[in-house]
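Me: I am new to this structure and would like to go through it by question and answer. Please show it first.

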Amino acid sequence: MVSRRKSDLLSNLPDCLLVTIISLLPFKQSVQTSILARRWKNLCLETTNLVFKESEFVNLSTDTETIKSKRSLFVSTMCQWISSFTGEVIESLEFSLSEPVSFEKAIVSLTEFAASKQIKNITIDFSSPASRKIDVIEHLVTLMHYQNTEFDITRIFFNLIHVRNLTICSFLIQMIQECEDPMEMHDAMEARHLVMRTNLHANEFVGITIFLNSCPELESLTFHMDTTERIVRISMPLDPKVFWLTNDTYECLERTLKLVKIKNFRGGSNELHVLKYLIRSGLVMEQLDLYEAKGLNDDQRRLVLTAAEEVQKNVGRGSKHLRITLHKA
C-alpha cells in the first residue's frame with residue numbers, strides 16, 4: 001500500500017520534476033528508470049546532470065577479460081545514451097575511465113557532445129584506482145598506440161573551450177605534453193575555475209603550465225593532491241626548483257587568478273616550489289588556502305606547519321592583498 005501511494009505521488013509530478021529527480025541518480029540507475037512505466041521510457045534521456053562512472057559497471061577485482069568486457073559495455077552504453085539524448089541543456093558532466101587507451105573515439109565523441117550542449121561544468125578523470133608507476137616499455141606502447149590511431153589529445157580540449165568549470169586528472173596533464181606544439185594547441189579556453197587532480201610530480205609541471213597558458217581568464221585554481229595517480233609519462237630529468245624559478249608568467253596570473261587551493265596538503269618540496277611560484281607571480285591573488293591532508297602523524301604535521309610558515313613569511317608576494325591560510329584536517 002505504501003509503495004502504491006509513493007508511486008501515485010510520483011505519477012502526479014510533472015515531467016520536469018521527474019527529470020530533476022532522475023538527474024540525481026547514478027547513470028546506471030537513471031537508465032533503469034526507463035522500465036518503470038511507459039511514461040518513464042525516455043525521461044532519463046533528458047537528465048541535466050550526467051555522471052558516467054566506470055565503477056558502476058566494472059569490478060576491477062575480477063579477471064582481466066571480464067574487466068575488458070565490462071569496460072567495453074560501459075563505454076558502448078554511454079555512447080548509445082548520448083546518441084539518443086533528447087534534452088536541450090546539460091548543466092554538468094562527469095566522466096571517469098581508468099584505461100582510456102582504445103576508447104579514444106568514444107572520448108572525443110563525448111567531448112563533442114558536451115560542446116554541442118554548451119556544458120559549463122565538466123570533470124574528466126582517467127585516474128587509476130591503485131597507485132602504480134608504469135615502466136618505459138608500457139609507456140612507449142601507450143604512445144605508439146596514440147600515434148597509430150592518429151589520436152590527438154588536443155581534440156578533447158578543443159571541444160571544451162567554452163567550459164567554465166573544468167576538472168582534469170594527472171593523465172591528461174601528462175599526456176598533453178606529447179602533443180605537437182602544445183602551448184599553441186587551440187584557442188584560449190574560457191575556464192574560470194580549474195581543478196587539477198595531481199601529485200605535482202615533475203612529469204606534470206609542463207602540463208600544468210600549458211593549462212595556465214591556455215586559461216587566460218582563470219579565477220580559481222585548485223590542486224587536489226592524489227597519491228594514487230599514475231605517472232604515465234617518462235621525461236628527461238627536471239630540477240623542480242630551477243623550473244619554477246625560471247618559468248614564464250601567464251595572463252591569468254597577472255589579471256584574473258584570485259584564489260588558489262591545495263587540498264591534501266603535505267608540505268612536500270614540489271608543493272612548495274609551485275606555491276612559491278604562484279605567490280611571486282600572482283599579481284592579483286587574494287587568497288591561498290592550504291588544506292592539511294587527513295591521517296598525518298606528528299612528524300608529517302610538523303612538516304605541514306613548517307611548509308605553511310615558509311610560504312607565509314619567506315616568499316615575496318606579487319599581490320599585497322594576498323592572505324595565506326592553513327586549514328587543519
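Reply: Two strands pair if DSSP finds at least two bridges between them. The model shown here is predicted.

Me: How many bridges are there between strand β4 and β5, and in which sense do they pair?
Reply: Strand β4 covers residues 165–168. One of the facing pairs is asparagine 165 opposite histidine 193 in β5. The two strands pair in the parallel sense, and the number of bridges is 4.

Me: Which strand is joined to β5 by 6 bridges?
Reply: Leucine 194 has leucine 221 as its bridge partner, and leucine 221 belongs to β6. The strands run parallel, and the one joined to β5 by 6 bridges is β6, residues 220–225.

Me: What is the hand of the β-α-β crossover from β5 to β6?
Reply: Between β5 and β6 the chain passes through α9. With the strands pointing away from the viewer, a clockwise path from the first strand over the helix to the second counts as right-handed. The hand of this crossover is right-handed.

Me: Which side chains of β5 point to the buried face?
Reply: The side chains along β5 alternate between two faces. His193, Val195 and Arg197 point to one face and are not buried. Those on the other face, which are buried, are Leu194, Met196 and Thr198.

Me: With which side chain does serine 220 make a polar contact?
Reply: Serine 220 is found in strand β6 and is buried, with a relative accessible area of 12%. Not counting residues up to four places away in sequence, serine 220 touches Arg192, His193, Leu194, Leu257 and Leu259. The polar contact, at 2.7 Å, is with the side chain of histidine 193.

Me: Is leucine 200 buried or exposed?
Reply: Leucine 200 lies in the loop between β5 and α9 (205–214). Leucine 200 has a positive phi of about 50° although it is not a glycine. The cut-off for burial is under 20% relative accessible area. Leucine 200 has 0% relative accessibility, so it counts as buried.

Me: Is glutamine 118, another residue with a positive phi, buried or exposed?
Reply: Most residues other than glycine have a negative phi. Glutamine 118 is not a glycine, yet its phi is about 55°; it is found in the loop between α5 (104–116) and β3 (121–125). Its relative accessible area is 59%, and over 50% counts as exposed, so glutamine 118 is exposed.

Me: What distance does α5 reach from its first C-alpha to its last?
Reply: The helix has 13 residues. Its buried residues include Ile107, Leu110 and Phe113. At 1.5 Å a residue the expected value is 18 Å, and the helix comes close to it, reaching 18 Å.

Me: How far apart are the end C-alpha atoms of helix α4?
Reply: Helix α4 covers residues 64–84, and at its start a side-chain oxygen of aspartate 63 reaches to within 3.3 Å of the backbone nitrogen of glutamate 65. Its 21 residues should span 30 Å at 1.5 Å a residue. The end C-alpha atoms agree with this, being apart by 30 Å.

Me: Why are the buried residues of α4 on the same side, and what arc do they cover?
Reply: The buried residues are Ile67, Arg71, Phe74, Val75, Met78, Trp81 and Ile82. They are on the same side of α4 because the arc they cover around the axis is only 125°.

Me: Which exposed residues are carried by the face of α4 turned away from its buried side?
Reply: An α-helix has 3.6 residues a turn, so residues three or four places apart point the same way. The face of α4 turned away from its buried side carries the exposed residues Glu65, Gln80 and Ser83.

Definitions and conventions. Residues are numbered from 1 along each chain as its sequence is written. This is a predicted model: local features need pLDDT of at least 70, side-chain atom pairs count only at pLDDT 80 or more; totals for chains, interfaces and linings use all residues. Side-chain values use heavy atoms; hydrogens and water are left out. Buried means under 20% relative accessible area, exposed over 50%, partly exposed in between (1.4 Å probe, protein chains only). The expected span of a helix is 1.5 Å times one less than its number of residues. The arc is that of the directions from the helix axis to the C-beta atoms. A polar contact is a pair of N or O atoms within 3.5 Å; within protein, one must be able to donate a hydrogen and the other to accept it, and residues adjacent in sequence count only if both atoms are side-chain atoms. Contact means heavy atoms within 4.5 Å.
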